[in-house]
Amino acid sequence: HVVVITAGAKQNPGQSRIELAGVNAGILRKMLPQLLEVAPDAVYVIVTNPCDVLTVLAQEETGLPPERLFASGTVLDTSRLRVRLAQRAGVSPSSVHAYIVGEHGDTEFPLWSSATIGTVPILDWQSAGHPPMTVDELDQIAVEVRDAAYKVIQGKGATNYAIGLSSARIIEAILRDEHAVMPVSTVLSDFHGVDRVALSVPSIVSSRGAVPVRESAFSPSELGLLRRSADALGAVAASLR
C-alpha cells in the first residue's frame, strides 16, 4: 500500500515553504496516528510543504524506517530543470541527465558536476544552432527552476497540476517496484556528513520505499551547498520539536 499525504494549509503569494512549517506540522501530527492505525505497513509519501521538514518530524513521530516515509522532494524541480536544459540544447528532455538536490525550496541546487546531455558534460554540449552553455546561463536556469512555484502561486494562487504529475510518477515507481533513481527526500544518515535531516538526493524508489544512492558524486562546492541546505532545514525542524 501507498499513502500519499497532501493535506496542509495553502502557500500564499510571497510566503516561503518554510513559513508554512508550523501550521502544517500540527496538521500532520493529528493525522499520522490515525493513518498508522489503518495502514501500518504502507509506504508513506509526503507532498505537503515544507515537505523536507515535515518528513523529519513525521519520521520522529512515527518511528517508521526512513525508507518507508519520504517526501516528493525535488522530483518536480528536476523535471523542470531537464525541460529547460533540453529546450536550450535542442534535445529531448529524456536525453538530459541532471538533478536538483537539497531542500525542495530556497536552498536547492543542481548537481552541475555530474550533469550530462547524452554522455557529454553539460558545459561541453553544442549542436547546430545551439552553442555551448555558460556557467552564468546555467546558474540563471537554476534560479528560474527554483522560483517557478512562486510564479505559479502569484499567477493562479496554488500549484497543483505539475506536483500532481510528479507525485503520480513516484507512486508508479513504488507500485511497479521499478527501482527507479529519483531525487526524493528521505531522512539521511551519515550521507556525505549529513545526518538526521531530510534532503533530496538521488535515491532508488521501489516497493520497499526509497533508499539514497550513497555513491552519488558531489563536487566540493556542491557538498558545501548540501550542508548549507541541511543546516537551514535542521534549524527549522529544531524550532518545531
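For the charge count used here, Lys and Arg are positive and Asp and Glu are negative, with His and the chain ends left out. On that basis, the chain of this predicted model carries 20 positive and 25 negative charges, whose mean positions are 4 Å apart.

**The whole chain**

Begin with the entire chain in cartoon view, where seven helices and 13 strands can be picked out. The radius of gyration is 17 Å, close to the 18 Å that the globule rule gives for 241 residues, so the chain is as compact as a globular protein of that length. Aligned on its principal axes, the C-alpha trace spans about 60 × 35 × 30 Å.

Next, display the surface. Its accessible area comes to about 11,000 Å², and carbon and sulfur atoms contribute 55% of it. Of the 241 residues, 50% are buried. Among contacts with a separation of 6 or more, 66% join residues 24 or more positions apart.

**Helix H2 and its approach**

Select asparagine 49 and proline 50. The peptide bond from asparagine 49 to proline 50 is cis, with omega near -5°. Proline 50 belongs to the loop between E2 and H2.

Then extend the selection to residues 51-62, which form helix H2. At 1.5 Å a residue, the twelve residues of H2 should span 16 Å, and the end C-alpha atoms are indeed 16 Å apart. Ten of these twelve residues are buried, so H2 is largely enclosed by the rest of the structure. The buried set comprises Cys51, Asp52, Val53, Leu54, Thr55, Val56, Leu57, Ala58, Gln59 and Thr62.

To see what covers these buried residues, show helix H1 (21-38) and helix H7 (220-240), together with strands E2 (43-46), E3 (69-71), E10 (185-187) and E11 (198-200), which are included in the cover. After H2 comes glycine 63, with a positive phi near 75°.

**Helix H3**

Move to residues 75-89, helix H3. Its 15 residues should span 21 Å at 1.5 Å a residue, in agreement with the 21 Å between its end C-alpha atoms. Colour the buried positions of H3: they are Val75, Leu76, Asp77, Thr78, Arg80, Leu81, Leu85, Ala86, Arg88 and Ala89. Glycine 90 follows H3, and its phi is positive, near 75°.

**Glutamate 108**

From H3, keep Asp77 in view and select glutamate 108, since Asp77 is one of the contacts of glutamate 108. Glutamate 108 sits in the loop between strand E5 (100-101) and strand E6 (109-110).

Is glutamate 108 buried or exposed? Its relative accessible area is 7%, and the cut-off for a buried residue is under 20%, so glutamate 108 is buried. Beyond its neighbours within four places in sequence, glutamate 108 is in contact with Thr74, Asp77, Ile100, Val101, Glu103, Val145 and Arg146.

**Two aspartates with positive phi**

Finish with two loop positions. Aspartate 177 lies in the loop between helix H6 (161-175) and strand E9 (180-182). Although aspartate 177 is not a glycine, its phi is positive, near 50°. The side chain can be shown with the surface on: aspartate 177 is partly exposed, with a relative accessible area of 36%.

Now select aspartate 190, in the loop between E10 and E11. Phi of aspartate 190 is likewise positive in a residue other than glycine, near 50°. Aspartate 190 has a relative accessible area of 55% and is exposed.

Conventions. Residues numbered from 1 in each chain as written. Predicted model: local features only at pLDDT ≥ 70, side-chain atom pairs only at ≥ 80, totals over all residues. Heavy atoms only, no water. Helix = DSSP H or I, 4+ residues; strand = E, 2+ residues; numbered from the N terminus. Rg over C-alpha atoms; globule rule 2.2 N^0.38 Å. Buried < 20%, exposed > 50% of the residue type's maximum accessible area, 1.4 Å probe, protein only. Contact = heavy atoms within 4.5 Å. Areas by Shrake-Rupley, 256 points an atom, 1.4 Å probe, with all protein chains shown as cover. Charge placed at Lys NZ, Arg CZ, Asp CG, Glu CD. Expected span 1.5 Å × (residues − 1).
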